[in-house]
Amino acid sequence: MLQVIGRISSFRAVLGSHLFISFVGVNNSGKSTCISSLFEIDANPSALERTEVAVLYDLNPSMAQPMSSSSAASQDRDLRVSVVDFPGSTDERLHIAMLSSRLADVSSLFVCMLSAGHIAAPERQVVEQLVNTNKPFIVLINKTDILGVEFERNLGQFKANYARVLNIP
């Protein structure tokens, strides 16, 4: 019994020193493109091919074996950061949906990608799932250029409307 508890403790310690930023959203909302742009990673964004499996990108691969030290400064350096590119939440294939929900359990922070001007049941479901995780998340509205200058002029109103329609606390 003690051996099992020890393993669980080790697992929790590893998760505590590893930040997982998970990009979620409906199909074709720009998750892979955003990851490529923000982190200068070739996430193979393509409008013709969708992400089929959750893909993990290690942002600091040189730290695969964290240094062991108890100082606070060293602990900050030991933090590993990974980005997870999830398949679209509107993918109806059961195996992809199940994989995504299981991998979401280890996520530290969610980035929810939504396309501008389009909020329907699938988008609301993604946000509802994030709220129910009790984990921090942000919502990024992508493709705002299709809304033109009206979006820029009324940015505050658009933000408030999105928060209200999506029931974001």
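Here, a residue counts as exposed when its relative accessible area is over 50%, and as buried when that area is under 20%. Keep in mind that this is a predicted model.

**Exercise 1. Work out how the two sides of helix α5 differ in burial, and what covers the buried one.**

Solution. Start with the length. Helix α5 runs over residues 121–133, and its 13 residues should span 18 Å at 1.5 Å a residue; the end C-alpha atoms are 18 Å apart, so the two values agree.

Next, sort the residues. E123, V126, V127 and L130 are buried. Looking down the axis of α5, the buried residues stay within an arc of 90°, so they line one face of the helix. The general background: an α-helix has 3.6 residues a turn, so residues three or four places apart point the same way. On the other side of α5 you'll find E128, Q129 and N132, which are exposed.

Now look at what sits over the buried residues: the cover includes β1 (18–25), β4 and β5 (137–142). Finally, step off the end of the helix: N134 follows α5 and has a positive phi, near 60°.

**Exercise 2. Find which residues touch the most other members of the largest nonpolar core, and which elements supply it.**

Solution. This core has 14 residues, and V24, C112, V126, L130 and L166 are the ones touching the most other members. As for the elements, β1, β4 and α5 each put in at least two residues. There's also a second, separate core of eleven residues, with I21, C34, V81 and V83 among them.

Then zoom in on L166. Setting aside neighbours within four places in sequence, L166 contacts L114, I119, E123, R124 and V127.

**Exercise 3. Decide whether C34 and C112 are buried or exposed, then say how many disulfides the structure has.**

Solution. C34 has 14% relative accessibility, which is under the 20% cut-off, so C34 is buried. C112 comes in at 0%, so C112 is buried too. As for disulfides, a search of the whole structure turns up zero.

**Exercise 4. Describe the surroundings of S107.**

Solution. First place S107: it's in the loop between α4 (94–104) and β4 (109–115). Then check its accessibility: at 3%, S107 counts as buried. Leaving out residues up to four places away in sequence, S107 touches F20, S22, F86 and K135. With S22 there is also a polar contact, in which the side chains of S107 and S22 are joined at 2.5 Å.

Conventions: Residues are numbered from 1 along each chain as its sequence is written. This is a predicted model: local features need pLDDT of at least 70, side-chain atom pairs count only at pLDDT 80 or more; totals for chains, interfaces and linings use all residues. Side-chain values use heavy atoms; hydrogens and water are left out. A disulfide is a pair of cysteine sulfur atoms within 2.5 Å. Buried means under 20% relative accessible area, exposed over 50%, partly exposed in between (1.4 Å probe, protein chains only). Helices (H or I, at least four residues) and strands (E, at least two) are DSSP runs, numbered from the N terminus. A polar contact is a pair of N or O atoms within 3.5 Å; within protein, one must be able to donate a hydrogen and the other to accept it, and residues adjacent in sequence count only if both atoms are side-chain atoms. Contact means heavy atoms within 4.5 Å. The expected span of a helix is 1.5 Å times one less than its number of residues. The arc is that of the directions from the helix axis to the C-beta atoms. A nonpolar core is a set of buried Ala, Val, Leu, Ile, Met, Phe, Trp, Tyr and Cys residues joined through side-chain atoms within 4.5 Å.
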